[in-house]
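I opened this notebook to record what I looked up about cysteine links and charged pairs. My entries follow the order in which I checked them.

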Amino acid sequence: MYNYFLLRHIPNWKIKKIVTRLTMADHDCESLSLVSFLLFVLITAIPVAGGSLDSDREVLIDLKVYLKSHNPTNRGMYMEWKIEEQDICEWPGITCTPQRSRVIGIHLSESLIAGALFGNFSALTQLTYLDLSRNTIEGSIPDDLSRCKKLKHLNLSHNIIEGELNLTGLSNLEVLDLSMNRIAGSIHSSFPLFCNSLVVANLSTNKLTGRISNIFSGCRYLKYVDFSTNRFSGEIGARLGKLVELSVSENVLSGNISASMFRGNCTLRLLDLSENGFVGEFPGQISDCQDLSVLNLWGNNFTGSIPAEIGSISSLRSLYLGSNKFSRDIPETLLKLSNLVFLDLSRNGFGGDIQNIFGSFTQVKYLVLHGNSYVGGIYSSKIFKLHNLFRLDLSFNNFSGKLPAEIVQIKSLKFLILAFNNFSGGIPHEYGNMLGLQVLDLSFNRLTGPIPASFGNLTSLLWLMLDSNSLSGEIPQEIGNCTSLLWFNVANNQLSGGFHPQLTNMGSNPFPTFEANRQSSDSIIAATGECLELTRWIPVKFPPFLFIYAILTKKNCRSLWRHILEGEGLFPGCAAGIMAHTLEIPAYLQLSGNKISGEIPASIFQMKRLSMLHLGFNEFEGRLPPEIGKLPLSFLNLTHNSFSGQIPQEVGNLKCLRNLDLSRNNFSGTFPKSLNDLNELSKFNISYNPLISGVIPVTGQLSTFEKASFLGNPLLQFPTSFNRSGNNTSSEEPDNGRKGDEDTIDMSVFYWSTSSTYVAALIGIVALIYFDCPWHRAWFRLVNAFIASAKSMWS
């Protein structure tokens with residue numbers, strides 16, 4: 001096998017020429033020996049160098065060994081490759097030619113692959129398709145990959161690959177996806193060298209820098225480009241070639257957009273320039289792109305008038321002009337866009353009243369006007385007449401007075417967002433008649449009075465956000481009829497009364513709503529401000545939602561919303577008593593900062609999706625029901641109440657619990673040892689429960705917390721080894737991440753050392769043959785015997 005690696009780059013004509021010269025030379029001792037030696041090397045090399053299914057099989061076996069060595073525990077489908085099976089075309093993830101003569105494709109997406117990228121894919125000389133996406137591959141892309149000359153499809157997305165991008169040898173590449181990695185550096189000079197055949201190029205969500213001006217001019221077939229969420233800078237340039245989709249959102253691009261970019265035969269269907277630093281007036285020549293469906297200019301510094309020419313793009317469905325400095329005059333030509341579904345003019349600082357023209361966009365389904373400093377115009381604009389409207393977002397403005405009851409005239413409404421205004425008075429009971437409503441956000445206003453019992457009619461409601469108002473009275477037990485209600489937030493009001501057992505029925509069956517969203521023919525669901533709303537509606541700074549916070553971008557916010565609204569599991573969770581994590585759609589219940597009293601009903605165990613329960617800063621009392629241990633909780637906060645009795649041992653069944661705060665209550669009895677089994681606990685507070693007694697364990701999870709977690713509990717006993725000034729740290733050496741390295745074979749070192757040894761042995765043999773005739777005669781006989789044996793095997 002290694003002879004192949006030594007001779008693979010020597011052309012066949014050169015080998016034949018060498019052999020001919022040697023055989024025509026004098027038949028002295030040295031020449032004959034060298035001929036024999038060369039024949040031996042060629043015989044062992046040719047079967048591999050010629051390329052066959054057998055040689056491909058050897059490479060795949062090497063690949064399996066390599067992946068096993070770098071993934072000692074979690075392993076993917078490559079473990080199903082049975083070496084004893086001769087037909088590798090049946091191996092999972094492997095594709096062969098129709099004649100089953102060569103391997104042409106490897107598909108190992110989501111195969112739990114870690115470590116550096118395998119460095120010998122080029123030995124598969126007919127490889128055209130390679131997909132290693134959604135793994136944890138690290139390091140840089142090896143030079144070997146550039147020698148896969150026939151590769152047409154390369155997908156290494158959703159890994160942690162670093163280094164610079166250099167694929168200059170892949171001249172036949174048609175589809176390239178390197179999104180969601182850590183690739184850095186400039187591509188201004190390297191990208192044109194391998195884009196000759198490219199059709200799709202997705203380099204989004206990396207750390208790429210430098211200019212991209214006129215980078216596509218030599219890419220004759222390039223149609224779909226996504227360079228979003230990088231650090232590209234400078235101007236975008238004037239030539240877009242034959243691009244159909246171009247996204248450069250979330251970079252640091254700047255300058256003016258040239259009118260010449262759109263002149264000629266513009267083929268664009270999607271143009272996303274959002275979240276950059278473009279300035280000046282946007283050119284009306286965009287109207288030359290008559291196939292344009294999505295135009296996203298959100299989050300720049302465009303000024304002047306909105307181009308009236310946009311109204312001639314009849315194919316336009318989504319128009320995002322928010323977070324700019326456009327003038328408040330909306331061109332009437334936009335009313336001609338009969339296919340327009342989504343209109344976002346948020347954060348342009350229009351001020352005054354809502355422009356009357358918005359009441360005439362009867363074709364629009366999503367109208368987003370948040371953050372414009374509007375003070376009125378809800379009635380004068382007649383937006384209540386928009387009977388096709390799915391989403392109305394008037395949040396972050398300066399509206400005042402009573403909530404408009406007339407809004408119920410929009411029968412199609414699914415998302416009503418009026419948060420962060422100055423609305424006052426009571427919530428109209430008519431809002432309970434909007435039966436298709438999935439989101440109602442009235443938070444951060446000055447609302448008073450009770451929560452309408454009519455809300456119990458809203459069986460499609462997923463979110464009810466009423467927090468940070470001055471609402472009073474009981475939470476109506478009719479809310480329990482909201483069987484889709486997974487996310488309920490009434491924190492920081494003046495609510496009183498008890499926790500009705502009927503409330504534990506909320507969110508019991510959200511699947512009809514999820515299914516309706518999946519069956520919807522309209523693919524546009526979320527808005528451009530969804531990251532803002534995601535951080536408000538989903539408490540992303542608390543478990544189990546915490547991991548999402550670190551990866552939020554505008555692009556994946558839109559994707560996340562779609563998955564959430566369709567009921568797809570995105571968040572890690574686990575059932576009570578079980579450590580195994582699954583992906584769920586977790587619910588939350590936030591009642592903190594009110595005056596709610598009484599006991600928690602035992603029926604709370606029916607809220608089987610509840611991952612976050614915040615009841616802090618209320619007047620709850622009585623015993624904590626042991627049934628709480630049946631919930632899939634990651635977050636439990638009961639601080640500043642009057643709970644009493646012993647802490648249930650069943651709390652120790654909450655194996656996924658990460659945040660537990662029982663402080664400032666009246667719990668008593670022996671400290672439950674089961675809490676020490678909560679291995680994922682990262683925040684813990686049981687302070688100021690002076691009747692709790694017992695001993696804090698010397699080992700386990702609880703021993704890792706500071707003394708502040710146990711203050712104000714004089715009956716608790718601390719072990720002598722407890723670190724009273726900070727964490728109770730262990731004396732063991734820290735794990736530096738290198739444990740087990742000595743058991744892992746470094747395959748690159750293995751190949752180099754083996755090859756070096758082999759070459760050294762060959763040189764030694766040549767020396768022996770050349771300088772010691774008795775030795776070389778023995779060697780000659782050995783080679784002859786080997787050739788005869790090899791011929792008998794091949795025949």
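Entry 1, ground rules. I take a disulfide to be a pair of cysteine sulfur atoms within 2.5 Å. The model I am reading is a predicted one.

Entry 2, Cys 266 and Cys 289. I looked up this pair and found a disulfide, with the sulfur atoms 2.0 Å apart. This link joins distant parts of the chain, 23 residues apart: Cys 266 sits in the loop between strand E15 (252-255) and strand E16 (270-272), and Cys 289 in the loop between strand E17 (277-280) and strand E18 (294-296). I noted 90 degrees about the S-S bond, and the link of Cys 266 and Cys 289 is right-handed. Cys 266 and Cys 289 are both buried.

Entry 3, the disulfide count. How many disulfides does the structure hold? I find 3.

Entry 4, Cys 195 and Cys 219. I found these two joined by a disulfide, S to S 2.0 Å. Cys 195 is in the loop between helix H5 (191-194) and strand E10 (200-202), while Cys 219 is in the loop between strand E11 (207-210) and strand E12 (224-226), so the pair ties together parts 24 residues apart in sequence. The torsion about the S-S bond reads -85 degrees, and the link of Cys 195 and Cys 219 is left-handed. I have Cys 195 down as buried, and Cys 219 as well.

Entry 5, Cys 89 and Cys 96. A disulfide joins these residues, with S to S at 2.1 Å. Is this disulfide left-handed or right-handed? The torsion about the S-S bond of Cys 89 and Cys 96 is about -100 degrees, so I wrote down left-handed. For burial I used the cut-off of under 20% relative accessible area. Cys 89 has 10%, so Cys 89 is buried. Cys 96 has 13% and is buried too.

Entry 6, two further cysteines. I also checked Cys 148, which at 3% relative accessibility counts as buried. Cys 482 has 0% and counts as buried.

Entry 7, salt bridges. I turned to charged side chains and got a count of 6 salt bridges. One of them is between the side chains of Arg 102 and Asp 56, at 2.8 Å from N to O. This pair links distant parts of the chain: Arg 102 is in the loop between strand E1 (94-96) and strand E2 (103-107), Asp 56 is in helix H4 (residues 53-70), and they are 46 residues apart. Both Arg 102 and Asp 56 are buried.

Entry 8, Glu 90 and Arg 100. I found a salt bridge between their side chains, 2.8 Å from N to O. Glu 90 lies in the loop between H4 and E1 and Arg 100 in the loop between E1 and E2, so the pair ties together parts 10 residues apart in sequence. Is Glu 90 buried or exposed? Glu 90 is exposed, with a relative accessible area of 53%. Arg 100 is partly exposed, at 36%. I then saw that Asp 87, Glu 90 and Arg 100 are linked in a network of salt bridges.

Entry 9, Glu 680 and Arg 658. I looked up this salt bridge last, and its N to O distance is 3.6 Å. The pair links distant parts of the chain, 22 residues apart, with Glu 680 in the loop between strand E43 (666-670) and strand E44 (683-685) and Arg 658 in the loop between strand E41 (642-646) and strand E42 (659-661). Arg 658 has 24% relative accessibility and counts as partly exposed.

Methods. Residues numbered from 1 in each chain as written. Predicted model: local features only at pLDDT ≥ 70, side-chain atom pairs only at ≥ 80, totals over all residues. Heavy atoms only, no water. Buried < 20%, exposed > 50% of the residue type's maximum accessible area, 1.4 Å probe, protein only. Helix = DSSP H or I, 4+ residues; strand = E, 2+ residues; numbered from the N terminus. Salt bridge = Lys/Arg side-chain N within 4 Å of Asp/Glu carboxyl O.
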